[in-house]
Every structure is written in structure tokens, then in C-alpha cells.
Amino acid sequence: MENGRAQFPFPYQPYDIQEQFMQALYSALDQGKVGIFESPTGTGKSLSLICGALSWLSDHEEKRRQEAAALLQEGEAALSTFTPQPSASSSSAEPDWITDFVQKKAERDLVSKLKARLKRKKRDERLEMIRNNVQLKYAMKRKSSEDDEAFKLLQLSKEEQPETRGDQEDEELIVAEYESDDESKTRSRFCAAEEDTDDDLVEEHVTKIYYCSRTHSQLAQFVHEVQKSPFSKDISVVTLGSRQNLCVNEEVRRLGSIQRINDRCMEMQKNKHGEKKQHDEEGVKRKRGPAKTVCPFNKASALQKMRDDLLGTVQDIEQLVKLGRETHSCPYYATRLAIPPAQLVVLPYQMLLHEATRRAAGVQLKGQVVIIDEAHNLSDTLSCIHSAELTGAQLCRTHSQLSQYADRYKSRLKAKNLMYIKQILFVIEGLVRVLGGECKVGQNPQSQTTQTGTEMLTINNFLFKAQIDNINLFKLQRYFEKSMISRKVSLTRTYVLTSPSYKCSSVLREILSPADQQGSVEAEKVLSASPMMQVEGFFMALTNSNTDGRVVVHRQGTLSESSVKFLLLNPAVHFAQVLKECRAVIIAGGTMQPVSDFKQELLFSAGVGEERITEFSCGHVIPPENILPLVLCSGPSGQELDFTFQNRDSPRMMDETGRILSNICNVVPGGVVCFFPSYEYSRRIISHWEASGALTRLANKKKIFQEPKKANQVEQVLSEFSRCIQVELSSLTGALLFSVVGGKMSEGINFSDDLGRCVVMVGMPYPNIKSPELQEKMSYLDKHLPHGGGRSPGQALIENLCMKAVNQSIGRAIRHRGDYSSMVLCDRRYARPATLSKLPTWIKDRTSTHASFGPAFAAMRKVRSNPLLCCFMFTFMNILKPKHV
């Protein structure tokens, strides 16, 4: 392992860059590095990650088995040759009790090692039996039998005198103490099934790889690659997801929103545990009343069987849900029970990067490997996960619900509970005061007016302004975690708010319309969507360091629409724990450029030294002639392409853009995708083309599609776009799609083959520099990061955000080895060396920059093997003709 691997199992003959990728990955994992790996889409990145990482895991486990076997042999040999020295009267002789202690300690150590070896052996045998579809029968007291086998092996290793009863009790005490600690650490991470499960459901965490990505579809695609890999028959994989994705209880699934599903599930677990506790208490007479609903899918025996089934075969989320329905068991809790013995855990970003979520799911990172795929927006993802926002309406509803909860159970709550609830209410009242409103009975947040404006405050200044600086938020955070007050308020709020014996407060009555108050479905949804969890998240956000975050106060005229938002400025503070605990962290993506700011903002700031960081970047597998990146500094009529904010709205600039697209659409077959820097500019330029007739000319050549505003319409638009390209309609030769950088189609969508023969980037998609949040982020970076390269860290942030978005958009077209496409960057600013350096290497090395329009296309005459480029050669002869201008 010290020298790496010469060969890796692979489903087919790997490319050279795939072999290099796997060797670099293997080395990074073996040496415990933080690796930044860049491999363009279409180069088999997922398979390279799978085969490289699982090869290391296989070798690592084999090495550990060999080391354990060697240690056991040494221990057995040492015990067999050990003879206690006889007691003597001389001062140099050791007392008998010291000799006995040393002897028994060595025996206990050996027993512990034998037990660990037996557990690993039994786990491997059990998983092998599962994979071979052998019916398993579990003993209820497996641990006791393992103890007996461990002592038998000890007896075989050496001849010894029979132990006394006291020795046996000591040995049992040590084993039980170890198991008890292991159980408490593991079981505390499960909200349900913990009281019904036996010891067989609790296992130690083996060395594993945590793989996380952005969306469930990307995770499913990764699992499918694992299924195709040579490791599919030997690896134990578990895919984690939310209740919304994994729940098989149709009654719960119909609730729709993830919060309502979570609350209903927790309520069922509460009912289940309450019934069990009541049945276990002898002599307690059951109270009359309707039976509480429990989930029929959450039973220990069913969870145990499903856990073993999913460990035996590689399954994605859809297959897990299908298996749950077939076995009548809950995939959500079964997958969490499968985490300890699993070798590969596949999970979303949020579940791994957020500490509280990670802890609740049972994810342990100590000494493990983490692979973060699609990590080009990792900094933004961390910031979003740990940011929080509350509206005035949410604050008022939370205050009302918590007040009612305290009033209803006042006689049954202890004084300390009431004290903390009053503190929570006091903090909520302070937040409402900052927004310019009040939490009073009869006050409707929709009718309370506030002074319009935006204010940026440090955490300390915000606490002073809200007059809550005397409240210990850290104690409140611990109270939230231990008491689970948010869950309890959420689970009891429906009864409290809708029971005939308990009237809604006037605040909620004012929020709801008269129709809602009559018990409509919408009213039930409003009442059931408790914002208590969001309030808890905001409280936790306020415990960040004063320098690491800011609070943005938005007053929108009414208290209901106004909001307070916590903005995390230093994502490294939350990523540092992941980097510290893990053995190795791999940050991978198709486009990781620019890497410099990524390292500075996320790694160096988290305390990672340069010596622990390793980088790997490879080119693409496509031939050089299959890609043609162009930087256009001017259009067909000689108009300079300068899409700065001051110039982009000029009619001449919009007309020139229309001419460029018209010429491209005239000769490029299949699909053309045009990206605009923003939704607003897309609307303005298309409206201008409609008025000038340019849009009609474009429609005569290709059918025009626009990115939809609603996410649920994206699939339909893409389907029609694809169908139009595959079936040519009369004189039309394909389709033209207008999209937006950073929108619904700039990431995660494949425009492979004929869907994207040309990608046009109009202007540079710089973020809104007037945004208060962005200005504060720039100011923070300028203050805390070193300056270099002639630009401040804040200015570099703006440039990097722009180029990351560009790289993601233009990379949508090349998706496999045989694909080909052109990339037209329409803006003279792309010609700057600093900007070109931020393009992916495989694009940058093939980019040609020209000051005028004609020579840019003349350069294509040298390449004739690609049919697309030949089409552009004909374009060059027609571009300057008046009929096209």
C-alpha cells in the first residue's frame, strides 16, 4: 500500500487519465490527505472514484486483518511463555498481587482482541450469507455466545489454572462496560426503534467511505455506477435520504411537505413508545380514550430483516422504497440501522455537512473517508446550510403556539422548563421588536406597519438592538437539543389549535381568512406547518462567532413580510470539524476552477496546512478537434461586444447579439443553447427581439424554447426540446433554447450529442454587487484573507463566482468521448488573461481569441474532420452578406 497500486479493478479498459485519477486518489486516501480532484464530465469520474476508493478500502481492510492476526499471535505466544516469578523476601522480588494483576490484564487484553476479531469475522460471514440469499436465524443473545467463544479460544491458546468466580465477574464487568458504552453512543442517534431492538441491531462502525453529492438524482446515478462496478458483489452499500424520499406509509406521504411528514412520523414514534411504556408498567390501569396511531412499518423484526437485505445488495432510493413496501418495513430507519456495518454510505450534502443532522442520522466521521462530489459550490452550500431566515409572520405564529403550549401544560411543567420557555418567548419578542412590531394578543402581523429598509448588523450589535444580550443563547441551544421542545410543540400544536376546548389565539385568527377559520383544508395546512424548528435554527445561528456572521434585517412595510436573516461569512468554521475528524477528505468535481480561492477560503481558513493538500486535474478524453471554444470580441457588423451593466441594454448591443445567434442557427444542426447572465436581461433582450423582428427570423430557422420559471416545468420543456431536435419539422433544423446562468438548466442538465452542438454565452454573469450580503462578504474577505495577484480577496470573489457559473454552463455540452460542440463566449472581457486562466484547462488550452468577427471563424478552416466545424466554414462566407446582417 505504501507504493500504491499498479492496477485497479475496472469494468472495461480504463483511459490513461482514469488510471492516473485512481492512482492519485489511492495515494491521497492512504496518506490521509485533503484532495482536490478535477475530472471533466464525460471522463468517467464516478467510476474512477468508485474503483480507486474501494480498492483502497479493500487493501486497508486486508492490511488491518493481517495486523490483527499478527498481534494475536504475539499475544498468545507471550501468554503461553509467561511464568510468574515466585515470591521472595528480597526487596527486588515483586509481590504476588502485582504478578496476578499483570497476568489478568494481559488475559483481558487478549480476550478483547479475540472478541473484536470474532465480531469482524461473524460480520463478514453474515454479510456473505446475506449476499448468497441464505436464510439467517439470529440468536437473541449473540454477544453472550461470542463471550463464550472468546474464552474457548483463550483456553486453547495456553494452559492455565481454572479461574475463580471473582475473576469471571471481573471479566464480565469489563466486557459489559465496553458494550454499554458502544450501545449508548449508537442508540442515542436513533429517534425510533431503539426501545424495540435487541442487541443484534447495534454494531460497531467499520471503516467506511461516505460519498455525498448535491441531489438525489446524482446520488442515484452514483449508485447505478457502483452496481456496474467490479465491487458490486462484495461491497455493503446504504443510501440515506429524508423521510420525504424514503417513507412508505401512504397516510404520511400524502401530507406533502417534508416538515409535516417529519412531524407526523415523530408523533407516531411517540405514540409507539408511549404504548410500550404503558404496557411494560405492571399494575398501571390504562386510561380510557381513542387509540393513538402508530406506524405499522416500524417494527424491530422487519427493520432487522430489511437492514440485512439492503446490506446484501446495492440499491438506490427507488429500490429501497420498493423493498420497504414488499417487506412492510420502514426504509428510513432501516438505512440508519445499516450505517455501522456498511462500507459505503451514500448521502446528500446537508446530512453530512450539518453537524446536528449528521449526529441525528448516526453518521460518525472519526477516522473515516469522505468524498464530496460536485463540490464546485461547496463554500456556498456550507453558507446556505448554516444560514437561517425568519419572517415576522413565522415569529408571531411561533410565539402564539409556544405560549399556548406553556399555558396548557403549565401545571405539569417543572419550574426550569417554564423558565426556559419564557426565555425563548422573550427572545422571539426581541426579534419582533427589531422588525418594528409587537407580539401582543389581538395584534395581526399583517396589519402592523414597519419602516421600509435594510440593515446589516454584527451578531453582538443585533443582540443589543433586540435587547436580548442578557440571554445565554448557548444554554438555550442545549435546552432545545435535550428537551426537544420544538418537536413537542410541533406534535401537540394541531390538537392545541383545533380542539373545541381550546380556542385559537386572536393573532392566529387574524392571520387566517374567515374561510380558513371555518376549518378548510388550507387552514389545516397553515396551522400544521409549525415554524418552531426554523426559530430553533435561527437561535443556533446566533451562537456563531461575532466575526463569522452577520444579521440582515429587512423591513418590508408590514411585520408579516419583514424578515431577519443570519448570513454566514466564514463557512470554514463548520467545515473544519469534518476535516479534523476524517482520515481523508476528497473534494471532487467536473470543474473545480478556480482552485486558489477555494483553498484559501475553505481549507487554509479551517487550519489545513499546505502539506496535507493534494491536487489532481486531468484533461478530457475527447479528441482536440471535437471542441472549439471561441472568444468573440466583436459582432458581424463590427460592434464591440461589451456586456457591462452600462452597455448591455443598448439597442445596438442587443441587435448585434441577435445577428450572432441568427448566423449560428442558420448552419448549426441540432440544438443551440444560449445562456443569458440573468432572468431580467433575458426578458429585456427577448422583448427587444420581438419588437425588431429578430425573434421571428430566429424562429424561422429553429424552434425556440425558453427556460420555465417553475421547476416542475423543466422536465416538460426539455422533453419537447429533445423531441424537436430528433424530429426535424419542415424547414426547421433543430431548436434554440434560451436559458439563464445559475438557473434551472445551467447545472445538472445534460445537453449531450445533438441537444447541444453549440453553447453561446452572452456576457459575463457577475453577481449583483449592490447586494448587501455580497458587499458584507467581500468586506469580510478583504479583512481576513491575504491580498495577492493585484486584486483584493473581495474582487477575486466576484470574478470567481462569475467564472464558476460560466464553467458550469458551458460544460453542459460535452458529456462523453464521442461528443463534440462549440462554445462561443460573447464578450471582449473573456480575452483578459486573468479571465482565461479561470477556464478549465481542457477548454482554456483550445480557446482561440480574436478581436474581429471574421478571423475568429476563419481559424476553423484548419479543422475539417469535424462535421460541425465544416458547417461553420460555410458560415464564414455568409456572415458578412447584407441579407444576414
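**Which strands does helix α6 lie across?**

Which strands does helix α6 (residues 216–228) lie across, and at about what angle does α6 run to β4? Helix α6 lies across β2, β3 and β4 (344–348), and runs at about 160° to β4. Helices and strands here are DSSP runs, numbered from the N terminus: H or I over at least four residues for a helix, E over at least two for a strand. Axes are lines fitted to C-alpha atoms, for helices over the stretch in contact, and angles run from 0 to 180 degrees between N-to-C directions.

**Ground rules**

This is a predicted model, where local features need pLDDT of at least 70, side-chain atom pairs count only at pLDDT 80 or more, and totals for chains, interfaces and linings use all residues. Residues are numbered from 1 along each chain as its sequence is written, and side-chain values use heavy atoms, with hydrogens and water left out.

**The whole protein**

The protein has 36 helices and 18 strands. Of its 885 residues, 53% are buried, where buried means under 20% relative accessible area, exposed over 50%, and partly exposed in between (1.4 Å probe, protein chains only). The accessible surface comes to about 41,100 Å², and 50% of that belongs to carbon and sulfur atoms; the areas come from the Shrake-Rupley method with a 1.4 Å probe, and for residues only the protein chains shown count as cover.

Take the contacts (heavy atoms within 4.5 Å) with a separation of 6 or more: residues 24 or more positions apart account for 80% of them.

**The parallel sheet**

Now back to the strands under α6. Seven strands form an open sheet with parallel pairing, in the order β3-β4-β2-β5-β10-β1-β11. At the edges sit β3 (237–239) and β11 (613–617), each pairing on one side only. Direction ignored, neighbouring strands of this sheet are turned by 15° against each other on average. Two strands count as paired if DSSP finds at least two bridges between them.

Inside the sheet, β2 (residues 209–213) and β5 (residues 369–372) run parallel and are joined by four bridges; I209 stands opposite V369 in β5. Another helix, α26 (residues 596–603), lies across β1 (34–38), β10 (584–589) and β11, running at about 150° to β1.

**β8 and its partners**

Strand β8 is a well-covered one: seven of its seven residues are buried, so β8 is largely enclosed by the rest of the structure. Its two faces are both covered, with G549, V551, V553 and R555 buried on one side and R550, V552 and H554 buried on the other.

β8 pairs with β7 (residues 453–458) over six bridges, running antiparallel, and E455 has V553 in β8 as its bridge partner. With β9 the pairing is also antiparallel, over six bridges; here H554 is matched with S563 in β9.

**Two buried loop residues**

S562 lies in the loop between β8 (549–555) and β9 (563–568), and counts as buried because its relative accessibility is 0%. The side chain of S562 makes a polar contact with the side chain of T450 at 3.3 Å. A polar contact is a pair of N or O atoms within 3.5 Å; within protein, one must be able to donate a hydrogen and the other to accept it, and residues adjacent in sequence count only if both atoms are side-chain atoms. Leaving aside neighbours within four places in sequence, S562 also has L390, T391, G392 and L435 among its contacts. The C-alpha atoms of S562 and P445 are separated by 9.6 Å, with their positions 117 residues apart along the chain.

N544 sits in the loop between α24 (532–541) and β8, and counts as buried because its relative accessibility is 15%. Its side chain makes a polar contact with the side chain of H574 (3.1 Å), and a polar atom of that N544 side chain lies 2.8 Å from the backbone oxygen of A541.

**A helix pair**

Helix α19 (residues 473–483) packs with α24 at an angle of about 145°, their axes 9 Å apart. The contact is made by L476, Q477, F480 and E481 of α19 and M532, E536, F539 and M540 of α24.
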